[in-house]
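Me: I would like to go through this structure and ask, for each label attached to it, what the label rests on. Please set each value against its criterion before drawing a conclusion.

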Amino acid sequence: MKSLTFNEALNLAKKAALNCGASKNHALALARSIVTAEAEGNHAVGFAHFLDYLDALKEGRIDGQAKPEIAQTTPIIQTIDAKGGMQHLGVDLALNGLAEAAKTFGLAAISSRNGYTIGALAYYPRILAESHGLVSLCFANAAPAVMPASGGSTPRFCTNPMAFAVADHLGRTIVIDQSSTAAAIVSIKQAADRGDSIPEGWALTKDGEPTIDPFEALQGLFLPFGGAKGANIALMVEVLSAAVTGADWSDESAPFNVGTKPPSLGYFLLAIDPSKMGGTGYQNRISELIDKLKSDGAFLPGLQKQENFRESKILGMKVDSKTWSKLQDYLGSC
């Protein structure tokens, strides 16, 4: 294990992205998201997923010099054309305007298209909750398509994740960040890299048979969580992230992990100010809810990651030796 301070990790990520062809602004926007995920203990979309970005920069799936085009189409809506680059930079540039509009009008949205996969989906909802006191949720599609619609047999959707965040007046943040599939692509790829099997119920072979082999899963079909209910959520996410934004459908976009063509994926972020909707004192009410659930022994998603992040800022973080070795290779080869 390699120990890094938060700033050391941030500088390393920026340097690697720059060396692989990202502009300074893109490198910083991506590094913040990646290192935050790693500090939270969300390793699947931390440095392990960062390697996918570096590969994509080198091989042309990301235009590291792309300049996002942002348009204010209504007082509460901003649209972003990522121009074949990463979506983080455009969202970074639009985020304060989103928060201000939500506080003025009660809600506001960002619609992004023509970009690479967004990675750690809860990153921006958490910022809106903790720094601006807003409730937010977001949706993203990706490619390759790996999951069929309910009752279907042809892959139509990727893992199609969604995220939600809300903070109380004490700064405790509930964060839900989950895919529509039983497992994310990066988790199955990591199992394949380690030579591990995957749990039953995650995937089928290309012939439609259940499998615990991650290599067969990557060539086959991913299963939704909860059967038809998960598949229906994937359908909803596909509409919000692709149809609403103008992005490609997951089964039509270039894949994020192979080839040289940039994916044309979508991302939809909605911010809500409950104080404009009758929710006066809602952060105190969220505190009451958190306390009630904690007293009942319930799991509160996001709180442990928030604590992990705070500890990592003080004590640093550890990167496993295999990932660290790969990062060093990228720093030298890009």
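Reply: The turns below take two helices and then a sheet, and the model they refer to is a predicted one.

Me: How do you know that the span of α2 agrees with that of a helix of 16 residues?

Reply: The expected span is 1.5 Å times one less than the number of residues, which for the 16 residues of α2 gives 22 Å, and because the end C-alpha atoms of α2 are 22 Å apart, the two values agree. Just after α2 comes Gly41, which takes a positive phi of about 85 degrees.

Me: What makes α2 largely enclosed by the rest of the structure?

Reply: A residue is called buried when its relative accessible area is under 20%, and twelve of the 16 residues of α2 are buried, so the helix is largely enclosed. Among these buried residues are His26, Leu30, Ile34 and Glu38. The partners against which the buried residues of α2 pack are α1, α3 (47-59), α4 (88-105), α5, α10 and β12, where contact requires heavy atoms within 4.5 Å.

Me: How does α10 fare under the tests of span and burial?

Reply: Helix α10 covers residues 303-315, and its 13 residues should span 18 Å at 1.5 Å a residue, which agrees with end C-alpha atoms that are 18 Å apart. The buried residues of α10 are Leu303, Gln306 and Ser312, and what covers them includes α1 (6-19), α2 (24-39), α5 (123-132), β7 (173-178), α9 (282-295) and β12 (317-319). Gly316 follows α10 with a positive phi, near 90 degrees.

Me: Why are β2 and β7 called edge strands?

Reply: The sheet is open and has seven strands in the order β2-β3-β4-β11-β5-β6-β7, with mixed pairing. Strands β2 (69-74) and β7 each pair on one side only, and they are the edge strands. From one strand to the next, the twist averages 10 degrees.

Me: What makes β4 and β11 a pair?

Reply: Pairing asks for at least two bridges between two strands, and seven bridges join β4 (residues 107-115) to β11 (residues 265-272), which run antiparallel. Within this pair, Ala109 stands opposite Leu270 in β11.

Me: Which strands does α8 touch where it packs on the sheet, and which does α9 touch?

Reply: Helix α8 (residues 228-243) touches β5 (135-140), β6 (162-167) and β11, and its direction makes about 95 degrees with that of β5. Helix α9 touches β5, β6 and β7, and its direction makes about 105 degrees with that of β6.

How values were computed: Residues are numbered from 1 along each chain as its sequence is written. This is a predicted model: local features need pLDDT of at least 70, side-chain atom pairs count only at pLDDT 80 or more; totals for chains, interfaces and linings use all residues. Side-chain values use heavy atoms; hydrogens and water are left out. Helices (H or I, at least four residues) and strands (E, at least two) are DSSP runs, numbered from the N terminus. Buried means under 20% relative accessible area, exposed over 50%, partly exposed in between (1.4 Å probe, protein chains only). Axes are lines fitted to C-alpha atoms, for helices over the stretch in contact, and angles run from 0 to 180 degrees between N-to-C directions.
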